[in-house]
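Me: I've got a model open here and I'd like to go through one part of it slowly. Could you take a close look with me and keep it all in one connected answer?

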Amino acid sequence: MDLENQQRIMDLSEKYGAENLVVILGGAEAEASGLAAETVANGDPTFAGPLAGVQLGLKAYHIFEEEIKNQIDPAVYDEHVSMMEMVLDVDSIVQEVKNIREQFCK
Amino acid sequence: MLKDKKIIVLGDRDGIPGPAIDECIKSAGGEVVFSTTECFV
């Protein structure tokens, strides 16, 4: 994840508290989405950025996940997300992000 | 889960970009506090 974004996320976590924050991902594939989810939950696995070794414990969901999708106005979802849902590997993306959450978030 | 929460949006240029996710979050009653579109390539 972009190093500047890591810093921003760390600052926001301090400002609002991890329990009030949710991270929503729009990644195109499973590995990158999982990496982003891991970074905000358990720290930067590449040890390159400000979140290296910092366990924020933030919950990350991909926008494709049913529990997120269900809360969005269907017309808005259709307009902005549905097309990509048809071309990306939704199942593997959703499974990867879910695995990371189960592994690192309480 | 989104309603009345502070939301960080990490969009992807090759997936769903940040502004598209922002619109979805707003429709669900969440407050976007940071939104970006990364390029993971």
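What does the secondary structure of chain B come to, in helices and strands? Once that's settled, please zoom in on strand 1 of chain B and tell me where it sits.

Reply: Happy to. One thing up front: this is a predicted model, so let's start with how confident the predictor is. The complex comes with an ipTM of 0.96 and a pTM of 0.97. For chain B, the mean pLDDT is 94, with 95% of its residues at 70 or more. Taking the elements of chain B one by one, the lowest mean pLDDT belongs to strand 2 of chain B, at 96, and the highest to helix 1 of chain B, at 98.

Now your count. Chain B has 1 helix and 2 strands, and going from the N terminus they come in the order β-α-β. The chain has 41 residues, of which 41% are buried. Its C-alpha atoms fill a box of roughly 35 × 15 × 15 Å along the principal axes. Among contacts in chain B with a separation of 6 or more, 59% are between residues 24 or more positions apart.

On to strand 1 of chain B. Of its 7 residues, 6 are buried, so this strand is largely enclosed by the rest of the structure. What does the enclosing? Let's take its two strand neighbours in turn.

Within its own chain, strand 1 of chain B pairs with strand 2 of chain B, parallel, over 7 bridges. Two places to click on: B:Ile7 has B:Val32 opposite it in strand 2 of chain B, and B:Ile8 has B:Phe34 opposite it in that strand. To get from one strand to the other, the chain passes through helix 1 of chain B, and the resulting β-α-β crossover is right-handed.

The other neighbour comes from across the interface. Strand 1 of chain A, residues 21-25, is joined to strand 1 of chain B by 5 bridges, and these two strands run parallel as well. Here A:Leu21 has B:Lys6 as its bridge partner, and A:Val22 has B:Ile7. That makes B:Ile7 a handy residue to centre your view on: it is bridged to A:Val22 and stands opposite B:Val32.

Pull back a bit and the whole contact involves 30 residues from chain A and 26 residues from chain B. On the chain B side, the elements giving two or more residues are strand 1 (6-12), helix 1 (18-27) and strand 2 (31-38). Strand 1 of chain B gives the most, with 7 residues. Sorted by class, that side of chain B has 16 nonpolar residues, 6 charged and 4 polar.

There's a nice spot at the edge of all this: A:Tyr16, which belongs to helix 1 of chain A, residues 3-16. Leaving out residues up to four places away in sequence, A:Tyr16 touches A:Leu21, B:Lys6 and B:Val33. Two of these are already familiar, since A:Leu21 and B:Lys6 are bridge partners. Is A:Tyr16 buried or partly exposed? Because it has 15 C-beta neighbours inside 10 Å, A:Tyr16 counts as partly exposed; a buried residue would need 20 or more. For a sense of scale, A:Tyr16 and A:Gln95 lie 28 Å apart, C-alpha to C-alpha, with their positions 79 residues apart in sequence.

Last, the partner chain. Chain A has 6 helices and 2 strands, running α-β-α-β-α-α-α-α from the N terminus. Its radius of gyration is 14 Å, close to the 13 Å from the globule rule for 106 residues, so chain A is as compact as a globular protein of that length. Its C-alpha atoms take up a box of roughly 35 × 25 × 25 Å along the principal axes. Of the 106 residues of chain A, 42% are buried. Residues 24 or more positions apart make up 71% of its contacts with a separation of 6 or more.

So, back to where your strand sits: strand 1 of chain B pairs with strand 2 of chain B through 7 bridges, and 5 bridges join it to strand 1 of chain A.

Key: Residues numbered from 1 in each chain as written. Chains lettered and ligands numbered in written order. Predicted model: local features only at pLDDT ≥ 70, side-chain atom pairs only at ≥ 80, totals over all residues. Helix = DSSP H or I, 4+ residues; strand = E, 2+ residues; numbered from the N terminus. Rg over C-alpha atoms; globule rule 2.2 N^0.38 Å. Buried ≥ 20, exposed ≤ 12 C-beta atoms within 10 Å, placed from the backbone. Contact = placed C-beta atoms within 7 Å. Nonpolar A, V, L, I, M, F, W, Y, C, P; charged D, E, K, R; others polar. Pairing = 2+ DSSP bridges. Right-handed = clockwise from strand over helix to strand, strands pointing away. pLDDT = per-residue confidence, 0-100.
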